[in-house]
Each structure stands twice: as structure tokens, then as C-alpha cells.
Amino acid sequence: MKTIDNIPTSKIHRASKLVTTGAKVGVNYLKYYGDKITKTEFVARSRLNENNAEDIYDSLKQLKGSALKVAQMLSMEKSIMPQAYVEKFSLAQFSVPPLSPPLVIKTFKKYFGKPPTELFDSFNTTSVNAASIGQVHEAEKDGKKLAVKIQYPGVAESIASDLAMVKPIAIKMFNIKGKDSDKYFKEVEGKLIEETNYILELKQSKEIATACSNIPNLLFPNYYKELSSERIITMDFMKGEHLSEFTAHNKDQEIDNVIGQALWDFYMFQIHKLRKVHADPHPGNFLVSKENKLIALDFGCMKTIPNDFYVPYFELAKPKNINNHSFFISKLYELEILREDDSKEEIEFFTEMFHELLELFTQPFQVEKFDFSDERFFGKITELGQRYSKNTELRKMNGNRGSKHFIYINRTFFGLYNLMFDLKANNITINNYSSL
């Protein structure tokens with residue numbers, strides 16, 4: 001794969017890159033209008049989506065950082081985003097052009113005052129894995145094989161300006177209106193800033209690995225503080241396949257169930273016992289070992305769940321509460337889904353909408369065991385997402401709904417459900433975490 005010798009770091013250079021991409025998208029639309037004359041709308045629209053997805057992704061992978069991270073987040077919105085975007089943007093999870101060896105060495109000299117060859121017995125300057133915020137290199141020290149994650153230059157410094165550039169797209173895509181829209185962007189900005197702090201990630205990684213050490217069939221790497229810094233983090237090199245690679249070829253249902261149970265227990269234990277959660281559940285952050293154990297990686301994005309959100313959120317997972325109209329309404333106000341300035345029409349619309357959503361999404365919590373391979377369940381999720389994303393009535397209303405905590409909690413559950421479905425895990429014990 002071609003390497004990158006420099007990354008645009010100034011606001012002007014990064015913005016000009018997106019302007020160039022905007023021009024390409026404009027050309028794609030001209031082609032689309034031409035295609036509509038000779039082709040069906042479906043074929044013309046599919047080609048438009050494919051061309052736009054490729055041009056936008058090609059631009060973002062050069063910028064890296066939060067711009068590419070947003071693409072990675074969007075790739076998990078399988079029920080909203082066109083398939084062409086999901087497929088292309090999902091490459092941001094673990095397959096983007098890496099930094100060149102000279103730039104890697106320069107980064108080490110900046111943070112350690114010496115090249116990597118003076119810190120490790122051996123160090124491969126060619127990346128083995130490159131994602132949105134950093135890339136991973138193999139190294140050895142004292143006979144131990146290590147993975148060294150290096151953050152791309154300028155990522156931390158460009159977060160605010162990157163989010164300002166993608167804000168208009170997000171506002172349009174998610175129908176965000178109203179004076180408090182900034183609280184959502186501040187939540188994302190805060191989490192992205194945390195993800196660039198590798199000292200914090202080192203601390204969080206050790207805490208989660210220790211707290212979750214009793215969960216069966218789940219492994220974590222060890223982390224090495226003396227070989228880490230604010231932009232470089234060193235851990236054990238864990239051998240295994242990315243979860244998406246594993247699910248593509250595995251045909252053993254029993255293994256799928258074992259890994260699925262470990263994944264589900266890992267998330268439920270964090271949410272209910274620790275009140276914080278690994279809020280980046282995409283396939284690139286999980287490996288499957290040769291022994292068919294799940295390996296959890298990358299704890300830069302951890303979401304703390306405050307009690308005043310946790311309680312009403314999970315109270316609405318109980319059927320008796322969902323179907324108690326007055327109680328249901330009161331919890332929607334607590335979770336900021338309903339607002340005091342809502343019109344009668346907005347109250348009725350959003351009450352009905354969230355009742356339908358919660359009745360579907362909380363189904364796994366209504367039973368002792370759940371079948372995550374059920375295509376009907378995930379088909380309904382996709383249908384519901386597409387229906388509300390195209391709802392003209394919703395677009396006229398203030399779509400700025402819910403506590404800021406929904407952003408990463410919903411992202412966590414969407415990602416977790418998708419991973420469980422990809423595994424085709426069934427017979428999963430929902431409350432198994434309570435006995436761990």
C-alpha cells in the first residue's frame with residue numbers, strides 16, 4: 001500500500017482538500033443527471049453513491065484524524081447510510097494508507113528524543129495496521145513481541161477545525177436544529193480529544209483489562225508505560241483475525257456463540273457494573289485468536305454513564321414501563337427526548353416514534369436468551385431506520401432530541417448489535433454478566 005509522507009495539518013490546507021473533494025462531488029452529480037437520461041433511477045443513483053463515496057473517502061484518508069474518524073462512525077450506520085458509503089467508509093476501521101518510515105522515525109524523535117531502534121531491540125518502520133487516528137508497528141524487546149501505536153501528526157490539534165468542517169454535513173444528515181445543537185458537537189469533540197491522549201488511553205486500558213479479567217473467553221494485551229507517551233502507546237502484540245475477517249469464513253456455530261457470549265458479557269459488564277463502556281465497537285477493535293477467544297483492543301474511546309442517564313435509560317428497557325403511558329412520557333422528558341417547548345404535534349409524534357423504536361431495540365432485554373442471528377429482527381431495525389431517515393414530517397420538526405449521552409450510548413448498542421449479527425450468535429444469555 002502507498003505510504004503518506006505528510007498530512008495536511010493547518011486549517012487552510014485541510015479545508016482546501018475538502019473544497020477539492022466538493023468539486024469532484026459536483027462533477028459526479030452532473031454525471032448522475034446524464035445517467036438518468038439513459039439509465040434507470042436506481043442504476044444512476046447507485047453509480048452516484050459509489051462515485052461520491054470513493055471521492056469523499058479518498059480525501060478523508062489523506063486528512064486522517066477526526067475527519068476520517070467521522071467516516072468510521074458513519075460506516076456503522078448501516079440502516080441509514082447507502083451501502084456504497086458503508087462499504088467504503090468501513091475501510092477507515094483498519095485499512096488506510098500508513099505514514100512513511102521517515103515520518104514514523106521523526107515522530108519517535110519528537111516524543112522520546114531518539115529513534116525507535118534505540119528503544120526496542122527491533123522495530124519495523126512499515127505499519128502493519130493503519131486506521132483513522134493512528135497506525136500500528138511491530139517491535140521486539142527482551143524477547144517479547146510488541147505492538148506500537150503511533151498517532152498521526154497534527155490529529156489532536158485539528159479536531160475542532162475538522163468538526164467545524166463536517167458540522168454542516170452532520171446537521172443535514174441527522175436533522176439537527178435548535179440553539180442547543182452545539183452540546184452534541186461538544187460531546188463528540190470531547191471524546192475525540194480523549195482519544196488522542198494516549199496517556200489517558202493507557203490508564204483506561206489497564207483499568208478495563210483488570211476489571212474484566214474474569215469474563216470467560218476474553219483476552220487483553222498488557223500495556224507498557226515506560227515505552228509509551230502522549231502520542232505513542234506500546235502493548236503486547238496480539239495474534240488474531242479481525243472480527244469481520246473471522247465472521248466471513250467461520251462456519252462453526254458453537255464458536256460463534258462462544259465469541260458472541262464473550263462480546264455480549266464484556267459490554268453488559270461494563271455498562272451495568274462499571275457504568276462506563278468501550279464506545280467504539282467496530283470490527284477493527286476486536287480480534288479472534290487461534291484458540292477462538294475474543295481479544296479486545298483500543299480503549300481510547302470510553303464513555304462514562306452518569307446515573308441520571310443510566311436509570312431512566314434502562315427503566316425504559318422494561319415492557320411494563322414502555323407500556324405505562326404516563327411513566328413512559330415522564331422518562332422521555334428526563335432523557336430530553338421531549339422538551340418543554342414542544343408543540344402538541346411534536347409530543348405526539350416523538351412519543352409514538354420512540355415507543356416504536358424502544359419496543360424493537362429492547363427485545364433482547366425482554367428474554368433470558370436471545371438469537372442475534374434472527375434476520376427478521378435486524379430487518380426491522382433497518383426498515384425502521386430507513387423509514388425515519390426519509391420521514392418528511394420528522395424533517396419539518398426539531399430533530400435535536402435527547403441527552404448528549406445518547407450519542408455514544410446509542411453508537412455502542414448499534415455497533416454491538418451489528419457485531420452480534422455478523423457473528424450470527426444465538427442462544428446468548430442476556431444477564432450472564434450479573435454472575436461474573
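This report describes some salt bridges, one helix and one buried histidine in a predicted model.

**Salt bridges**

Side chains of opposite charge can pair when their charged atoms come close. A search of the whole structure finds 14 salt bridges, and the table lists some of them.

| Pair | Closest N to O distance |
|---|---|
| Glu315 and Lys331 | 2.9 Å |
| Lys331 and Glu334 | 2.8 Å |
| Arg387 and Glu383 | 2.9 Å |

The side chains of Glu315 and Lys331 meet at 2.9 Å, N to O. Because Glu315 belongs to helix α11 (residues 307-315) while Lys331 belongs to helix α13 (residues 325-334), this pair ties together parts that are 16 residues apart in sequence. Lys331 also forms a salt bridge with Glu334, and here both residues lie in helix α13, three residues apart, which is about one turn of the helix. Is Lys331 buried or exposed? Its relative accessible area is 9%, and since buried means under 20%, Lys331 counts as buried. Its partner Glu334, by contrast, has a relative accessibility of 43% and is partly exposed.

The salt bridge between Arg387 and Glu383 is placed within helix α15 (residues 375-389), where the two residues are four apart and therefore separated by about one helical turn. Arg387 is partly exposed, with a relative accessible area of 35%, and Glu383 is likewise partly exposed, at 40%. Elsewhere, Lys149, Glu201 and Asp298 are joined into one network by salt bridges that share partners.

**Helix α7**

Helix α7 covers residues 182-195, which makes 14 residues, and from its first C-alpha to its last it reaches 20 Å, close to the 20 Å expected at 1.5 Å a residue. Which residues of this helix are buried? They are Tyr184, Phe185, Glu187, Val188, Glu189, Lys191, Leu192 and Glu195.

**The surroundings of His137**

His137 is found in strand β3 (residues 134-141), and with a relative accessible area of 0% it is buried. What lies around the side chain of His137? One of its polar atoms is 2.9 Å from the backbone oxygen of Asn124, and a polar contact, also given as 2.9 Å, joins the side chain of His137 to that of Gln135. When neighbours within four places in sequence are left aside, the residues in contact with His137 include Val104, Phe123, Asn124, Thr125, Leu146, Val148 and Ile150. Asn124 thus appears both in this list of contacts and as the residue whose backbone oxygen lies 2.9 Å from the histidine side chain.

Definitions and conventions
Residues are numbered from 1 along each chain as its sequence is written. This is a predicted model: local features need pLDDT of at least 70, side-chain atom pairs count only at pLDDT 80 or more; totals for chains, interfaces and linings use all residues. Side-chain values use heavy atoms; hydrogens and water are left out. A salt bridge is a side-chain nitrogen of Lys or Arg within 4 Å of a carboxyl oxygen of Asp or Glu. Buried means under 20% relative accessible area, exposed over 50%, partly exposed in between (1.4 Å probe, protein chains only). The expected span of a helix is 1.5 Å times one less than its number of residues. A polar contact is a pair of N or O atoms within 3.5 Å; within protein, one must be able to donate a hydrogen and the other to accept it, and residues adjacent in sequence count only if both atoms are side-chain atoms. Contact means heavy atoms within 4.5 Å.
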